[in-house]
Amino acid sequence: MKFLGYSDQGGRPDGCQIMVENGVAYVGHLFSKGVSVIDVSNPQAPRPLNFLPVNPASWSIHLQTHGDLMLVAEEFDLSTLPDGEAKMRQYTRQGLDSRAFGRRGEDYSAGLRVYDISDAANPKSIAFMEVDGLGLHRLWWDGGRYAYASALLDGYTDHILIIIDLDKPSKPVEVGRWWLPGMWAAGGEALQTNSRVALHHAVVSGDTAYGSWRDAGITLLDVGDRQNPGLIAHRNWSPPFGGATHSALPLPDRNLLIVADEARDEPSREQMKHTFVLDIRHPGNPATIATLPTPSDQNYLTKGGQFGPHNLWENRPGKFVSSSIIFATYQNAGVRAFDLSNPFRPEELGFFVPGQSAASRKSEAGKGTLHSVDAFVDADGRVYVTDFFGGLHIAQCEF
């Protein structure tokens with residue numbers, strides 16, 4: 001992968017999910033509280049165009065675009081609290097009561113915001129679907145009628161799946177939900193584990209939603225009836241593996257599922273995480289058949305920062321789509337491309353490890369480390385890589 005260009009995103013180098021439509025990139029931020037709009041029509045000279053702020057107590061780290069619409073998840077930012085994640089677990093173990101965090105819509109925003117991006121440089125908010133908890137974490141939407149979101153709602157112990165009808169984009173409405181047994185505390189359910197059971201997000205292909213549930217593994221759900229999703233299969237390999245299941249990429253033409261477990265800490269403090277290959281010819285009985293090779297071109301264990309999988313490129317319609325070439329971000333190991341021609345023996349094709357930017361060197365939170373978090377791959381093999389601390393890098397994949 002050949003380096004093309006770099007942007008500090010208008011002085012907001014923190015980035016999470018990125019979408020690119022018609023030569024314009026939309027980047028969700030962790031710390032900068034909003035979404036950046038960047039002209040990437042000339043990849044060697046990206047140019048910030050606009051910034052869409054969110055409530056200062058919330059974040060909008062995940063978003064989806066298709067055509068003239070953009071969906072942005074808004075959620076209370078737990079990092080604004082001392083020991084935020086631990087505090088959230090304290091509040092949610094008996095079922096979330098969002099009143100403890102302030103007033104929705106005033107002290108923080110929580111829900112789905114819809115933008116008209118027909119004027120790419122000047123997105124216009126056309127709708128906001130408020131939810132009755134702390135908000136949405138991540139979305140899957142490919143331009144169809146329904147969007148699928150992980151939502152932290154009152155009465156539940158953590159994020160569950162909700163299905164949103166976008167038949168009228170100016171009036172999105174929830175039409176269905178699903179959760180793992182034990183998560184609905186308000187309904188009298190109780191979890192039988194102290195591990196984190198929470199939907200990171202689900203990717204949908206046809207009528208099947210492939211959900212990643214952090215320390216509770218993966219689910220295959222039948223969402224043909226959007227009002228009443230049904231379980232097809234549930235698999236969890238934590239323990240013995242370390243959990244934090246983050247992303248599931250279906251390859252339906254090959255009956256395969258790629259699943260990444262997120263590295264959540266530095267290598268000395270947790271076991272190595274892996275990206276698994278599953279055979280789903282029998283959807284009710286998914287079987288693990290391989291793992292993607294762990295990057296080894298340099299010693300990432302001692303490089304500093306987190307090393308291991310984070311996110312998978314999700315084969316978005318109209319962009320780069322392949323069932324044999326897989327792109328994945330590996331945090332301090334950049335973005336990697338893997339050849340899945342033989343699913344029992346995946347091989348690494350190539351990689352792009354961004355150089356340390358001035359922004360990442362100055363970041364007190366990042367301590368100068370590389371943290372490649374998300375990658376967007378367009379139809380021409382151009383790769384856009386965000387970093388938690390170091391800005392946007394653009395590279396060209398030369399097959």
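In the predicted model, strand E24 (residues 335–339) and strand E25 run antiparallel and are joined by five bridges. Within this pairing, phenylalanine 338 of the chain stands opposite glutamate 348 in E25. The two strands belong to an open sheet of three strands, arranged in the order E23-E24-E25 with antiparallel pairing. Strand E23 (325–329) and strand E25 (347–352) form the edges of this sheet, each pairing on one side only. From one strand to the next, the twist averages 25 degrees.

A further open sheet comprises four strands in the order E2-E3-E4-E5, and here too the pairing is antiparallel. The edge positions are taken by strand E2 (18–21) and strand E5 (47–53); each has a single partner strand, so one side of each is left without a neighbour in the sheet. The twist in this four-stranded sheet averages 20 degrees from one strand to the next. Within the sheet, strand E3 (residues 24–28) is connected to strand E4 (residues 34–39) by five bridges, and these two strands run antiparallel. Valine 27 has serine 36, in E4, as its bridge partner.

Attention then turns to lysine 273, a residue located in the loop that links strand E20 (256–261) and strand E21 (275–279). The relative accessibility of lysine 273 is 4%, and the residue therefore counts as buried, the cut-off for this class being under 20%. A polar atom of the lysine 273 side chain lies 2.8 Å from the backbone oxygen of glutamate 262. When neighbours within four places in sequence are left aside, Glu262 is also listed among the residues in contact with lysine 273, together with Asp261, Ala263 and Arg264. The remaining contacts of lysine 273 under this criterion are Gly242, Gly243, Ala244 and Pro309.

Arg264, one of the residues in contact with lysine 273, also appears in the description of the largest pocket. This pocket has a volume of about 1000 Å³. It is lined by 37 residues, of which Leu30, Trp59, Glu85, Arg264 and Phe388 are the closest to its centre. Strand E8 (69–76) and helix H1 (84–92) each supply at least two residues of the lining. The largest share of the lining, three residues, is contributed by H1.

Key: Residues are numbered from 1 along each chain as its sequence is written. This is a predicted model: local features need pLDDT of at least 70, side-chain atom pairs count only at pLDDT 80 or more; totals for chains, interfaces and linings use all residues. Side-chain values use heavy atoms; hydrogens and water are left out. Buried means under 20% relative accessible area, exposed over 50%, partly exposed in between (1.4 Å probe, protein chains only). A polar contact is a pair of N or O atoms within 3.5 Å; within protein, one must be able to donate a hydrogen and the other to accept it, and residues adjacent in sequence count only if both atoms are side-chain atoms. Contact means heavy atoms within 4.5 Å. Two strands pair if DSSP finds at least two bridges between them. Axes are lines fitted to C-alpha atoms, for helices over the stretch in contact, and angles run from 0 to 180 degrees between N-to-C directions. On a 1 Å grid over the protein atoms alone, a cavity is a set of points where a 1.4 Å probe fits but cannot get out, and a pocket is an open set with protein on both sides within 12 Å along at least five of seven lines; lining residues have an atom within 4 Å of a point. Grid points are joined across faces, edges and corners, and a volume is the space filled by probe spheres set on the points.
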